[in-house]
Amino acid sequence: EYMGDLVSVMNQVKVWSTTEFVTSGAVSTLAGTFNEDPIFKYMVASDTDQDNPTTGTYAVAFSKALFVLALADLEKKIHSPFNHYIISDDTEKSLIIAWDYGPQSCMSIPVWKFFLTSLGFQVIKSTYKPKTFKIISFSDRLEAAKAKLLEELKADFIYVFAVGTDEQSRGRGLGSKVLSHICQRADEQGKVVYLEATTEKSRRLYEKHQFVVQQEIYVVPGLSHSPFVWCMRRNPIKQ
């Protein structure tokens with residue numbers, strides 16, 4: 001039944017080119033889903049501003065810029081359309097960015113470097129600068145986890161960089177559609193899929209698609225209220 005669902009979903013998704021995605025409203029749709037993401041909110045506000053209504057707006061602006069930067073970086077190194085994937089459901093309300101993660105396709109501009117070069121952003125305040133080294137450490141630990149998996153597998157895997165569904169369209173299974181498409185591609189290629197979940201709700205969705213938590217990585221280790229991610233892995237299912 002599960003494989004039947006995967007086959008049927010292929011006709012219900014849209015595959016985007018990078019240019020089409022960046023120049024259309026799709027990138028804004030995806031970025032808009034990160035207005036309550038705990039990691040992005042932590043990145044764009046001081047500790048006392050986490051619940052400020054404008055923090056969500058800043059998180060959206062930051063995530064949109066980061067998505068564009070990541071895709072531009074990949075475009076410099078990846079020329080085959082089969083190496084990275086931008087998928088949406090047929091209503092364009094749920095989107096996913098993923099790519100084959102390997103030595104040649106790792107981001108040369110990691111999150112922390114983008115963060116540092118964004119200090120001119122209006123969202124970066126003087127009270128926020130002390131977070132810089134915490135985020136550098138966090139980003140480095142995320143990259144180290146992927147590097148460890150790469151070493152274990154001795155092969156590329158599919159890395160899901162971002163996935164989100166428009167708030168008004170949630171609860172309709174759209175996120176499962178785009179995720180199923182990526183999972184089917186991975187199964188056909190015999191590849192592991194890897195991602196980082198930032199909320200309980202997203203973790204539960206991924207678990208329904210056979211993802212298993214490998215570890216938790218905290219922004220600030222040892223701090224009880226620190227935001228964190230669940231690093232999750234899905235092994236390929238034989239056809």
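The exercises below, each with a worked solution, concern a predicted model of one protein chain.

In this predicted model, local features need pLDDT of at least 70 and side-chain atom pairs count only at pLDDT 80 or more, while totals for chains, interfaces and linings use all residues. Residues are numbered from 1 along each chain as its sequence is written, and side-chain values use heavy atoms, with hydrogens and water left out.

**Exercise 1. Confidence and overall make-up**

State the average pLDDT of the chain, and find which stretches have a pLDDT below 50.

Solution. Begin with pLDDT, which is the predictor's confidence in each residue, from 0 to 100; the chain averages 80, and 76% of the residues score at least 70. Next, locate the stretches below 50: residues 1-10 are one of them, with 16 contacts (heavy atoms within 4.5 Å) beyond near neighbours in sequence, and residues 119-127 are another, with 10 such contacts. Where pLDDT is low, the predicted coordinates should not be read in detail. Finally, turn to the secondary structure, in which helices (H or I, at least four residues) and strands (E, at least two) are DSSP runs numbered from the N terminus; the chain has 9 helices and 7 strands.

**Exercise 2. Helix H8**

Compare the reach of helix H8 with its expected span, and decide whether H8 is mostly covered or mostly open.

Solution. The expected span of a helix is 1.5 Å times one less than its number of residues. H8 covers residues 174-189, 16 in number, and its reach of 23 Å from first C-alpha to last is close to the expected 22 Å. For the covering, take buried as under 20% relative accessible area, exposed as over 50% and partly exposed as in between, with a 1.4 Å probe and protein chains only; by this rule 12 of the 16 residues of H8 are buried, among them Leu174, Val178, His181, Arg185 and Asp187. Just after H8, glycine 190 has a positive phi of about 65 degrees.

**Exercise 3. The largest pocket**

Describe the largest pocket by its volume, its lining and the element that gives the largest share of that lining.

Solution. On a 1 Å grid over the protein atoms alone, a pocket is an open set of points with protein on both sides within 12 Å along at least five of seven lines, and lining residues have an atom within 4 Å of a point. The space in the largest pocket is about 1,200 Å³, where a volume is the space filled by probe spheres set on the points, which are joined across faces, edges and corners. Its lining has 48 residues, and Phe34, Val163, Thr198, Ser202 and Tyr206 lie nearest the centre. Elements giving two or more residues include H8, helix H5 (53-77) and strand S4 (157-165), and S4 gives the largest share, 7 residues.

**Exercise 4. Aspartate 156**

Place aspartate 156 in the fold, and list its contacts outside four places in sequence.

Solution. Aspartate 156 lies in the loop between H7 and S4, and its relative accessible area of 33% makes it partly exposed. Leaving aside neighbours within four places, aspartate 156 touches Tyr101, Gly102, Pro103, Leu150 and Lys191. Its C-alpha atom is separated by 9.6 Å from that of glutamine 104, 52 residues away along the chain.

**Exercise 5. Positive phi outside glycine**

Describe the setting of glutamate 92 and of glutamine 210, each of which has a positive phi although it is not a glycine.

Solution. Glutamate 92, with a phi of about 65 degrees, lies in the loop between strand S2 (84-89) and S3, and is partly exposed at 31% relative accessibility. Glutamine 210, with a phi of about 70 degrees, lies in the loop between H9 and strand S6 (212-218), and is partly exposed at 34%.

Terms used. On a 1 Å grid over the protein atoms alone, a cavity is a set of points where a 1.4 Å probe fits but cannot get out, and a pocket is an open set with protein on both sides within 12 Å along at least five of seven lines; lining residues have an atom within 4 Å of a point. Contact means heavy atoms within 4.5 Å.
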